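Visitor: I've got the sequence and the model open side by side. Could you walk me through it?
Guide: Sure, fire away.

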Amino acid sequence: MFTVPSSRSLEVVLIWWGLGGASSILFTAISLRDLPWCELQNRRPDWTWIGHGLRTARPFMLTAAGALVISYVDRFVIDASVGRGALGIYTFYSTILIGLLSLGSSVSHQFLPKVIAGYAAGSDAYRTALRSFFWSMLALVCATTVLSAVVMGPMLALLGLSTYAASIGVFYAMLPGIFLRMLADVPSYALYAARSDKHLLICNLSSAAASTFLNVALVPVLGIYGAPLAGGIASAVLFLSLVGFAIHRMRQSSAEPAATESVDLSTDPDMLYP
C-alpha cells in the first residue's frame, strides 16, 4: 500500500485481513494434525463443565468489558460531538497507542506465572516477583513512551501526513493515559494472582464509568482534546485504585502463613485484557 497508491482502499484491507485469518487457521490445522482427533468421534461435550466455566468467567468478562470501554468510548463521543474529521485524526493516534499497549501487555504476560508462583510461595516471594515486574515494566513504559514521542513528528513528516501532523498535540496528550494503563498491569496481575477478582472488577468498572462520564462532559467543551484528558483521568483512576487494592492485599498476605501448595490459576492473559 505504501508503494502502490491504488491499493489504498478498504477492500484491500479486508481481503488481506481475511487471507491472514485463513492462513492462521491453516497453520493451526497443520500444527495440530498429530493430535488424536479420531478418539473424539464417540465423545460428547461436557455441557456441565462448560456451564461451570462460563459462570466462573463472568467477572473476567465484565473486567474485559470495562477495559474495552476505556479504549473505545471516546471515539463514539468524538463522532457525535466533533465530527468524522476529528474522529479520523483521533483514531489514527489511538490505534498507534493501542499497539503500544498491546506491546506492553505481551511483555507483562511473561511475568504472570512468576507472580502466581510467588504468591503461592509466600509474601516474600510475592513481593520479590512484583518488584521485578514493576521495575521491568517501568523501564519498558518509559522507553516506549519517550521513543514514540520523539519519533512521531519525523515519521509524519516522512510520510507526508500534514493533516495528522497539525494535530500532533492530541498524540502527546494521550501519552500519559497510555503510560498509566501499561503500568497498571503490575497491580492488576498482583490482584489476579491473589484471586481478588472482585477488586479487579471494581477497578475496571469504576474507570470505565469515569471514562464515559468525562468524555461526555469534556469532549463537547474542549473538542478532540477532551478525549485524551478524559482517558488520562480514567487511567489514573484505574491505576491508583488497583495500586490501593494491591497494597492492601500484599499486607494481608504478609499476615497470612506461607502457602505450601501451588495456586491453580489460569495464565491466559486474555482473561484480563482482550
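Visitor: Which residues touch the most other members of the largest nonpolar core?
Guide: Keep in mind that this is a predicted model. The largest nonpolar core holds 52 residues. The residues there that touch the most other members are Ile 78, Tyr 93 and Tyr 126.

Visitor: Which helix gives the most to this core?
Guide: There are several contributors, since H2, H3, H4, H5, H7, H8, H9 and H10 each supply at least two residues. The one that gives the most, with nine residues, is H5.

Visitor: What does Ile 78 touch, leaving out residues up to four places away in sequence?
Guide: Ile 78 is one of the core residues that touch the most other members. Setting aside residues up to four places away in sequence, its partners are Gly 83, Ala 86, Leu 87, Tyr 90, Val 219, Ile 224 and Ala 227.

Visitor: Is Ala 80 buried or exposed?
Guide: Ala 80 is found in helix H2. Its relative accessibility is 68%, and the cut-off for exposed is over 50%. Ala 80 therefore counts as exposed.

Visitor: Where does H2 have a kink?
Guide: H2 runs over residues 47-81. Its kink is about 45° and comes shortly before the proline Pro 59. The residue you want is Arg 58.

Visitor: And what phi does Gly 83 take?
Guide: Gly 83 sits just after H2, and it is also among the residues that Ile 78 touches. Its phi is positive, at about 130°.

Visitor: Are H4 and H5 roughly parallel or antiparallel to each other?
Guide: H4 covers residues 112-121 and H5 covers residues 123-159. Their axes lie 6 Å apart, and the helices pack at an angle of about 155°. Angles over 145 degrees count as roughly antiparallel, so H4 and H5 are roughly antiparallel.

Visitor: How many nonpolar residues are in the contact of H4 with H5?
Guide: On the H4 side you have Lys 114, Val 115, Gly 118, Tyr 119 and Ala 121, and they meet Ala 125, Tyr 126, Ala 129, Leu 130 and Phe 133 in H5. By class, one residue is charged, one is polar, and the nonpolar ones number eight.

Visitor: Zooming out, how many helices and strands does the protein have?
Guide: From the N terminus on, the elements run α-α-α-α-α-α-α-α-α-α. The C-alpha trace spans about 60 × 50 × 30 Å along its principal axes. The tally is 10 helices and zero strands.

Notes
Residues are numbered from 1 along each chain as its sequence is written. This is a predicted model: local features need pLDDT of at least 70, side-chain atom pairs count only at pLDDT 80 or more; totals for chains, interfaces and linings use all residues. Side-chain values use heavy atoms; hydrogens and water are left out. Axes are lines fitted to C-alpha atoms, for helices over the stretch in contact, and angles run from 0 to 180 degrees between N-to-C directions. Helices (H or I, at least four residues) and strands (E, at least two) are DSSP runs, numbered from the N terminus. Angles under 35 degrees count as roughly parallel, over 145 as roughly antiparallel, 65 to 115 as roughly perpendicular and the rest as oblique. Contact means heavy atoms within 4.5 Å. Ala, Val, Leu, Ile, Met, Phe, Trp, Tyr, Cys and Pro count as nonpolar, Asp, Glu, Lys and Arg as charged, and the others, Gly among them, as polar. A nonpolar core is a set of buried Ala, Val, Leu, Ile, Met, Phe, Trp, Tyr and Cys residues joined through side-chain atoms within 4.5 Å. Buried means under 20% relative accessible area, exposed over 50%, partly exposed in between (1.4 Å probe, protein chains only). The bend at a residue is the angle between axes fitted to the seven residues ending there and the seven starting there.
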